[in-house]
Amino acid sequence: MADPHSHLPGDEAERQRALDALHIVGSLPEPAYEDIVRVAAAVCGTPMALVTLIDRDRQWFKARTGVEGSQTDRNVAVCDHAIRQPEDLMEIGDLQLDSRFAENPVLKEMGARFYAGMPLVTGDGAAVGSVCVVDLNPRELSDTQRDALKALARLTMALMEARSREREQAVAEILNQGLELEASNAPGSAGEYSVVILELQDLDALSARLGERGLAKQLQALDLRLEQCLQPARGDSINRVTGSGEFIAVLGTEQAADTLAALHEVAEEIRHTLGTPLLMGSAGTRTGEPTSAVFLRADQALSAAKDAHPTER
């Protein structure tokens, strides 16, 4: 049997890690990205436009206009081909004349005949998705429209990286507060601690199903349930990154097997009650390692958990 991942680029692991680091796949809708697709469709004169992100086994839409649904399988995504050439706009005048897409079931269902997409490329050169437009008729863009699509991709990437920096600042505050609490409650264990990241997957789909207020109630209840797993006497703490389904715990020990087991039990409860995975990554230190380094290892462990548990949909 052929390897289903054999078509992926050689640096796919690094590319996926760059996407994971943005913590944007499955996030709630944001007006700025909705504006991007509206402008793209208007400038290019197309009925459809999207901001897409190419995840492990799917193409997820951060924003869309003229398109139903929030994602497709990766193996039918035209944008998965676009990201192979990160510096180039990919334009296909007639999809039915391209052997790669002529029999694509999703494109046939959409009635799509034309595609143009500009990759979203991080500062380190990782192509994580695209800003693309789709038309129902074969055509080509003008030079002005191509330049506009490229500019919108740069703007989208700037928005995503600014969003990531804001998250990093929020995370740093949570970690600092957690260490201060741990030091005050358990001064004898200074330099020994663990960081745990728990991330509720596909928050956008959960919000669509539960509604904004329903989601807020579930997140509040989850926060309390996770807090019950901690040991305040040793300085444990947990906080949620604002506007997300990401919870960060700081534990006052490097040996936290019992607490991690309890958090795993909550994750299983959530998977069954909400039908949404709550994935976890953790790391610890006994030598006072900087929080940024410990958090990075926990974040890498979270990425590994995503690799091991493909998104359920």
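In this predicted model, K306 touches D20, R56, E199, Q201 and L279, leaving aside residues up to four places away in sequence. The residue belongs to helix α9, which covers residues 291-308, and K306 counts as buried because its relative accessible area is 10%, under the 20% limit. Two of the residues that K306 touches, D20 and R56, also belong to a network of salt bridges in which D20, D55, R56, R58, D202 and D307 are linked.

**Salt bridges**

Side chains of opposite charge can pair when their charged atoms come close. The structure holds 26 salt bridges, and the table sets out three of them with the distance between nitrogen and oxygen.

| Acidic residue | Basic residue | N to O distance |
|---|---|---|
| E12 | R74 | 2.9 Å |
| D35 | R38 | 2.6 Å |
| E91 | R146 | 2.7 Å |

The salt bridge between E12 and R74, with its closest N and O atoms 2.9 Å apart, links distant parts of the chain, since E12 lies in helix α1 (residues 12-22) and R74 in the loop between β3 (71-73) and α3 (78-82), 62 residues apart. Both partners are buried: E12 has a relative accessibility of 11%, and R74 has a relative accessible area of 3%.

The pair formed by D35 and R38 has a local setting within one element, because the two residues are three residues apart in helix α2 (residues 31-44) and are therefore separated by about one helical turn. Here D35 is partly exposed, at 40% relative accessibility, and R38 is likewise partly exposed, with a relative accessible area of 48%.

In the third pair, the side chains of E91 and R146 meet in a salt bridge at 2.7 Å, N to O. E91 lies in strand β4 (residues 90-92) and R146 in helix α5 (residues 143-185), so this salt bridge ties together parts that are 55 residues apart in sequence. E91 counts as partly exposed at 26% relative accessibility, and R146 counts as partly exposed at 22%.

**Aromatic rings**

A search of the whole structure finds zero aromatic pairs. An aromatic ring does, however, take part in an arrangement with a charge, in that the charged end of R139 sits over the ring of F114, at 5.4 Å from the centre of that ring.

Terms used:
Residues numbered from 1 in each chain as written. Predicted model: local features only at pLDDT ≥ 70, side-chain atom pairs only at ≥ 80, totals over all residues. Heavy atoms only, no water. Phe/Tyr/Trp six-rings, centres within 6.5 Å; stacked < 30°, edge-to-face > 60°. Lys NZ or Arg CZ within 6 Å of the ring centre and 35° of its normal. Helix = DSSP H or I, 4+ residues; strand = E, 2+ residues; numbered from the N terminus. Buried < 20%, exposed > 50% of the residue type's maximum accessible area, 1.4 Å probe, protein only. Contact = heavy atoms within 4.5 Å. Salt bridge = Lys/Arg side-chain N within 4 Å of Asp/Glu carboxyl O.
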